[in-house]
Amino acid sequence: MRRFGAVLAVAAVALAAGCGSGGGDGGDAGSGENGQPVKLRFLSLAWQKESIEANKQIVAEWNSANPKIQVEYVQGSWDNVNDQLVTSFEAGDPPDVIHDDSPALSSFASRGFLLDLTGKVPAELKNDIPQAAWDTVTFSDGKSGQGVYGVPFLQESQVLIANRKLLDGAGVRVPTPDAPWTWDEFADVAKKLTKKGAYGVAWPMKSPVNKVLNLALNFGGTFFETRDGKTTVKAGPQEREVLRRIHDQLYTDKSADPSALGMGTADPLPGFFAGKYAILPAGVYLRQQVAEQAPSGFEWVTLPPLKGVTSQQGAVSQTLSVAADSEHPDEALKFIAYFLNGPNQAKLAKGDWLLPTSTTAAKDPALTTEENGWDVATASAKNLVVAPFLKVNGYDEWKSKVATPAMQEYFADKISLDELATRLVEEGNKVLERYSR
Amino acid sequence: MRTDMTRALRYLALLGYVVFLAFPLLWLLSTALKTPQEMAALDPAWIPRRPTLANFADAFGEQDLVGAALRSLVVAVATALITVALALPAAYALARHRGAAGRVAIGWVLVSQVFPVVLVIIPLFMVLRRLELVNTLAGLTVVHVTFVMPFALWMLRGYVRAVPRELEEAAAVDGAGRLRALAAVVAPLLAPGVVATLLFGFISSWNEFLFALVILKDPEVETLPLTLVRFVGPEGVARLGPLAAASLLATVPSLVFFAIIQRRLRSGLMAGAVKG
């Protein structure tokens, strides 16, 4: 009894101490008046070890060089950042500087939550990032105009990660960025690599939509078209091509493992390391996990994006934005300009194993080395164009309610390609209709 | 012979159940001690071939796990205590006075459970902001108490109703006043229920994520669930090693709290039996 009482007493004391420790309401980012430094809150979504280190290092360098503008590093998480932001925006208490990805910015921009950065980004940073990347952060302002609602700094392309020994053993050509595999050649290679108990390729399709839509651009498939201000879904021959080819690998060629369909992006890695799959189509960031988890002696290689009519892929960006409610937007922009300068972008790209948008950063020797496929990954950035779905109001609902279940059924061979196309278009247009009213 | 057989089967079933319950914890421990290569093996092994503490070093080096755990502990213990302190008298009143008002009150308590959290989270945030409780553990505790209270009230009402009213009447006949009867007769019998409710309040608060995510904004005040999610990246890709190491830490206070509470649960039961 005495011990129990002691525990309660300790808890009560700790509560008293803890309740006092929070301080403030979180809404005051610092006034900058009376000689006090301006305080900015920076919500970062870095999660890999090297990336967190790079973020913290850059923030520390900034804080040391700018005693009058102090930045507090707050780590968020990708899983729930948009829930966190919506409540912060609605309650008028958002972080000053916000890390997110470009698809999320569209709705925040149209609701007036983000600052329009048009004409505000310093020329040096503006000119260092190609227009194609700026297009990924240019959205409707919710009235009649367009604005720039973030600074794009990291991008992802889809590459192939392959077991080098299996490729060499099968005597297939190893593609280069200048001479990538075509989809036909890829299909032939996957068949050659398929043997008893081992498949040429694994398509993890737990979240198939973005992957399919980004790759569909290889054949000019856009999935959406806008006429007279009205956006509709289309699923014609160009949109169907990648869908059909993946399905063929699964059920006609049998060169892709159907049991990998329900997997997330990183889930096939154990099978890949064990030689069960020879090739993994994946985002460039997966190289980090391959490098970290591969058994010793395992030889792997990064292969460039596939080519259809072109090698174009839909791009989305990771971005830094400024909250419209920030009390210190100018200081926030100054911090962003520093945080995303060429050398810093190179650090961030290395930390996240992604591609920098900065042309200066892309020339960093560490991002063009052959080690861990950086040369191939960085070269793939030239194929990135703005993803057509990025500008579609209602895309998220179409994706979750219509496209994801329909594509999963199609890849599970439960519905035909025609039926898939019908559902994507008919059910999809009903969704988009609501957003255009 | 048959008795021995039955006993053996019973122990076997019990052992199976214990293994089943312990499986997640043992797997968590195994994962936390593995190298990235072992974690990515196609045939996972129970016992790491080359156990490493690197995952613990990464987890503790990158995040303030101990601080977050202490803050979670403060909020969870406070939530459990305050909830029971407030709910117990109300539960007693609702259990003993069975008028129309009581039925309406308990009905309203149940109805309050059907509102989805997302519906209230923004208004709640604004209220807390006005009270200057955003970004404080006190604010989070208030919210946790508010959301644990209805079910705690419901639980405690059931325990109070299970104590025969005749025992209080008998105590009164023996000359005990109302407070004395409550303290000497009812309280010991309610102890197991109180302890169970404390446990419910603690675990609800300890695991709570969404309110903490919205209310706590600075790293200096964040609780453990917020820290754990930092090891998860986009599309559900996670850094399994540090996540397992950190999650292992997250389970320890719950286990310790349960061990303490469980002894009270047993003694409370026995006390109730003697008094009854």
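A crossing counts as right-handed if the near helix is turned clockwise from the far one by less than a right angle, and left-handed if anticlockwise. Two helix pairs in this predicted model show one hand each: H8(B) passes H9(B) in a right-handed crossing, while H2(A) passes H14(A) in a left-handed one. Local features here need pLDDT of at least 70, and side-chain atom pairs count only at pLDDT 80 or more. Residues are numbered from 1 along each chain, and chains are lettered from A in the order in which they are written.

**H8 and H9 in chain B**
- H8 covers residues 165-173 and H9 residues 178-207; helices are DSSP runs (H or I, at least four residues) numbered from the N terminus.
- Their axes, lines fitted to C-alpha atoms over the stretch in contact, come within 10 Å and cross at roughly 155°.
- H8(B) and H9(B) are therefore roughly antiparallel (angles over 145 degrees, on a scale from 0 to 180 between N-to-C directions).
- In contact terms (heavy atoms within 4.5 Å), B:Leu167, B:Glu168 and B:Ala171 meet five H9(B) residues, B:Ala181, B:Leu182, B:Val185, B:Val186 and B:Leu189.
- That contact divides into seven nonpolar residues, no polar and one charged; Ala, Val, Leu, Ile, Met, Phe, Trp, Tyr, Cys and Pro count as nonpolar, Asp, Glu, Lys and Arg as charged, and the others, Gly among them, as polar.

**H2 and H14 in chain A**
- H2 (residues 49-65) and H14 (residues 342-352) pack at about 155°, with axes 7 Å apart.
- That makes H2(A) roughly antiparallel to H14(A).
- The contact of H2(A) with H14(A) holds three nonpolar, five polar and four charged residues.

Methods. Heavy atoms only, no water. Helix = DSSP H or I, 4+ residues; strand = E, 2+ residues; numbered from the N terminus. Parallel < 35°, antiparallel > 145°, perpendicular 65-115°, else oblique.
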